[in-house]
Amino acid sequence: MGRPPRRLVTREAIMRAALALVDEHGADALSVNRVAAALGVKGPSLYNHISGRDEVVDGIRELIVGEMTLDPTITPWTAAVDGWARSYRAAFAAHPRAVPLLAARPVRSRAALRAYAGAFTVLRRAGWPEERLLPLVHAVEYFLLGSVLVLDDPPGGPLPGEDVPAGLEPMLHAPPGHRDLAFEAGLAALIRGFAAELAALHP
């Protein structure tokens, strides 16, 4: 009887297996050996394709960034930022357990760096000064990542029966989709604020 065929292992297969592992078990579950086991091979064989765990984390970032879209042809720039923000949130909402993993590592993946370059290009064309580009993009990112972490929270249980302060009706009677409503309010406020700042820079 012949030997069973070996499963084809590629860099992309490694990254997709790693992302699936994080999606199912969380960031702490990520290791080269566990990814190898998911692929049906031994851990050392992965080092023919990757340098180590850090490269896997960068690869996970690449996959998630690949689910985002930023169309530089959309005008005005506020509409381009709005569309990018929504795709950013949707991509991380599909993989919320990856957020702590990626937040703990500096951005090194080419896909992520290209995404930053694209965002900076949109803002430059709109007339933003160079020193405001990174703070603006980071401000939107921090808001988006926070909104994704809230989406991953388990549903809230009943409040304790004693020593509960008065005035909590908005929490006790939160409307359906209140997290999405909060996202819409926050994103609109950010974009309005930045638009007003840019208008003041170019009266």
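Is R105 buried, partly exposed or exposed? In this predicted model, R105 has a relative accessibility of 22% and counts as partly exposed. The cut-off helps here: buried means under 20% relative accessible area, and exposed means over 50%. Let's keep R105 in mind, as its salt bridge comes up again below.

A good place to begin the tour is with what the database record says. UniProt, in an unreviewed entry, places the feature "domain: HTH tetR-type" at residues 8-68. In the model, this span is 59% helix and 0% strand, and its end C-alpha atoms lie 28 Å apart. For "DNA-binding region", the unreviewed UniProt entry lists residues 31-50. Over residues 31-50 the chain is 40% helix and 0% strand, with the end C-alpha atoms 12 Å apart.

Just past that region, have a look at S51 and E55. E55 belongs to helix 3, which covers residues 53-65. A polar atom of the E55 side chain lies 2.7 Å from the backbone nitrogen of S51. Leaving aside residues up to four places away in sequence, E55 also touches R11, M15, H49 and I50.

Now back to R105, and to its partner in helix 3. D54 and R105 form a salt bridge, in which the closest N and O atoms are 3.5 Å apart. D54 lies in helix 3, while R105 sits in the loop between helix 5 (99-103) and helix 6 (110-126), so the pair ties together parts that are 51 residues apart in sequence. D54 is partly exposed too, with a relative accessible area of 43%.

The structure holds 10 salt bridges, and two others are worth finding on your screen. One of them joins the side chains of R86 and D82, at 2.9 Å from N to O. Both R86 and D82 lie in helix 4 (residues 77-93), and they are four residues apart, about one turn of the helix. R86 is partly exposed at 33% relative accessibility, and D82 is partly exposed at 23%.

Another salt bridge brings together the side chains of E130 and R124, at 2.7 Å from N to O. E130 has a relative accessible area of 48%, which makes it partly exposed, and R124 is partly exposed with 40%. Elsewhere, salt bridges that share partners join R11, E55 and E62 into one network. Within that network, E55 is the residue of helix 3 whose side chain we saw beside the backbone nitrogen of S51.

How do helix 3 and helix 6 lie relative to each other? Their axes come within 7 Å and cross at roughly 45 degrees. Helix 3 and helix 6 are therefore oblique to each other. On the helix 3 side, the residues that meet helix 6 are R61, E62 and V65; on the helix 6 side, they are R110, A111, A112 and A115. E62 thus turns up in this contact as well as in the salt-bridge network with R11 and E55.

Next, follow the chain into the loop between helix 3 and helix 4, where P72 is placed. P72 is partly exposed, with a relative accessible area of 43%. The C-alpha atoms of P72 and A119 are separated by 8.0 Å, although these residues are 47 residues apart along the chain. P72 also touches V122 and R125, again not counting residues up to four places away in sequence.

P76 is found in the loop between helix 3 and helix 4 as well. Which kind of peptide bond joins T75 and P76? The bond is cis, with omega at about -5 degrees. As background for that detail, most peptide bonds are trans.

For a contrast with P72 and A119, turn to A196, which lies in helix 9 (residues 178-201). A196 is partly exposed, with a relative accessible area of 48%. A196 and V148 are 48 residues apart in sequence, and their C-alpha atoms are 26 Å apart in space.

Note on methods
Residues are numbered from 1 along each chain as its sequence is written. This is a predicted model: local features need pLDDT of at least 70, side-chain atom pairs count only at pLDDT 80 or more; totals for chains, interfaces and linings use all residues. Side-chain values use heavy atoms; hydrogens and water are left out. UniProt positions are given in the numbering used here, feature names are shortened, and annotations may be inferred rather than shown by experiment. Helices (H or I, at least four residues) and strands (E, at least two) are DSSP runs, numbered from the N terminus. A polar contact is a pair of N or O atoms within 3.5 Å; within protein, one must be able to donate a hydrogen and the other to accept it, and residues adjacent in sequence count only if both atoms are side-chain atoms. Contact means heavy atoms within 4.5 Å. A salt bridge is a side-chain nitrogen of Lys or Arg within 4 Å of a carboxyl oxygen of Asp or Glu. Buried means under 20% relative accessible area, exposed over 50%, partly exposed in between (1.4 Å probe, protein chains only). Axes are lines fitted to C-alpha atoms, for helices over the stretch in contact, and angles run from 0 to 180 degrees between N-to-C directions. Angles under 35 degrees count as roughly parallel, over 145 as roughly antiparallel, 65 to 115 as roughly perpendicular and the rest as oblique.
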